[in-house]
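The following report looks at helix packing and at the surroundings of one buried-or-exposed case. Please view the sequence and the structure together while reading.

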Amino acid sequence: MELDMTKGNPTRHILKFMLPLLLGNLFQQFYNMVDSIVVGKYVGANALGAVGTCGSMNFLLFSLSMGLASGIGVVISQYYGGKRYEEIRFGIANSVYVLGVVSLVVSILGVLLARPILQMMQVPAETILPDATIYLQITSGGMLGVAFYNGVSSILRAIGDSRTPFIFLILSCFINIGLDLAFVILFHMGVMGVALATVIAQWISAITCILYAYWKSSYFHLKRSDWVYRGKIIASFFRLGIPIAMQSSMIAISCVALQRVVNSFGEVIMATFTITSRVEMIIQQPFSSLSMALTTYTGQNVGAGNKERVREGMKKATIMTLIFSVVMLVVMQVFGKSIAGIFVSNREVIALGGKTLGITSLFYFALGMIYAPRAIMNGYGDARFALVNGITEVACRIGLSWAFTSIPAIGYWGIWYTTCGTWVITAIACMWRYFYVIRKPGDQDKTL
């Protein structure tokens, strides 16, 4: 179902578009949490640490194909907003070449380099490294499915359809949960079973989403002439996608660097950090969903030459971010320890997890104010900012983690102080860039 966001009530459009994205993202994080809960409860805290320590590396390896998918979505949304329908089909065909080649190369690298990278991250060799290596190799091997699901989803969102990706993501979630329980509890496959369940579910969601998109959308009915290599379109994908991918890659690198610091404090801190990271991923989903909605909203309106609606959309997004941040602050302050107890039975980890969730929840609004202006900039096609934004996060996570944890009185608490400080500084940088672009239109206003 297409949605033209260049006319009508902005708030209604954003909320209507955002709701399926939010539900889909929550389901996705739900099955990520199921991974953690199943591993933590039925395999052990060390296995949970193995899954958790791979999170930042998976993000790094996936970031290139995911960034390119985002760039493809921005280009298609501007084509759609500008009524350039023939170019949408050209873009879909050429996106297959881009996503296929890039994801295969990165997948091979991930499988080959998994163990050396984890060793570089100081993963404990005897207790965690073997399981972490298996998990990272299997999830890296399934990257092609992730790339094509994200690519098709990004294209569908660009033309206003956020419901179709949601439907097949839910299907994937239920399959993943069922396979998790079967592989780990029934077949005793441990971390390997969790990784295989995730990859199989990702491939199913990719294949079914592609088939359904072909059935429902005429843009996916490609002719032979649509498959001709078009350098200008592919250049647009890379011009927007590479900076977004580099931004994600640098954020992932900074997370890897922070994870290395976490690993140096031992298994208890690793398990606690895994819990807080999983909870924060849930908290980020409304912000992420709002961001994807804003990117499409902005891309369509920039393509239609309507910049005032972009400003109005940003105002509404800020209000939504504030409301959610306050609600989640109260939840974490009251129930933080109980939430940590969902993942593990270790009392020390539960107590520490409750305290760390109480600290980070104070800064949720800053986290949200990273996503909203970043989405506007991506929708504008402001490729330069994505790179600067990534550099900011890298500098903060590496610099602050070193500074805080080096102070004896702070110690491992500096891990979570680093997270909060990174959110605040990055939010300030994002808002500055937003006001700069809004007040001084220039190259960023040019459609693709």
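Which residue follows α6, and is its phi positive or negative? The residue that follows α6 is G160, and its phi is positive, near 95°.

This is a predicted model, in which local features need pLDDT of at least 70 and side-chain atom pairs count only at pLDDT 80 or more, while totals for chains, interfaces and linings use all residues. Residues are numbered from 1 along each chain as its sequence is written, and side-chain values use heavy atoms, with hydrogens and water left out.

Helix α6 covers residues 143-158 (helices being DSSP runs of H or I with at least four residues, numbered from the N terminus). With 16 residues, α6 reaches 22 Å from its first C-alpha to its last, close to the 22 Å expected at 1.5 Å a residue, the expected span being 1.5 Å times one less than the number of residues. Helix α6 is mostly covered, since 15 of its 16 residues are buried (under 20% relative accessible area, with a 1.4 Å probe and protein chains only).

Helix α5 packs against two helices, as the table sets out, with axes fitted to C-alpha atoms over the stretch in contact and angles running from 0 to 180 degrees between N-to-C directions.

| Pair | Axis distance | Angle |
|---|---|---|
| α5 (residues 129-141) and α8 (residues 190-216) | within 9 Å | roughly 15° |
| α2 (residues 45-53) and α5 | 8 Å | about 40° |

The angle in the first row makes α5 roughly parallel to α8 (under 35 degrees). In this pair, D131, I134, Y135, I138 and T139 of α5 meet V191, M192, V194, A195, L196 and V199 of α8 (contact meaning heavy atoms within 4.5 Å). By class, that contact has nine nonpolar, one polar and one charged residues.

The angle in the second row makes α2 oblique to α5 (35 to 65 or 115 to 145 degrees). Here A47, A50, V51 and T53 of α2 make the contact with D131, A132 and Y135 of α5, and by class it has five nonpolar, one polar and one charged residues. D131 and Y135 of α5 are thus named in the contact with α8 and in the contact with α2.

A further site lies in helix α11 (residues 308-340), where S325 has its place. S325 is buried, with a relative accessible area of 5%. Leaving aside its neighbours within four places in sequence, S325 is in contact with F287, Y364 and F365.

Note on methods
Nonpolar A, V, L, I, M, F, W, Y, C, P; charged D, E, K, R; others polar. Buried < 20%, exposed > 50% of the residue type's maximum accessible area, 1.4 Å probe, protein only.
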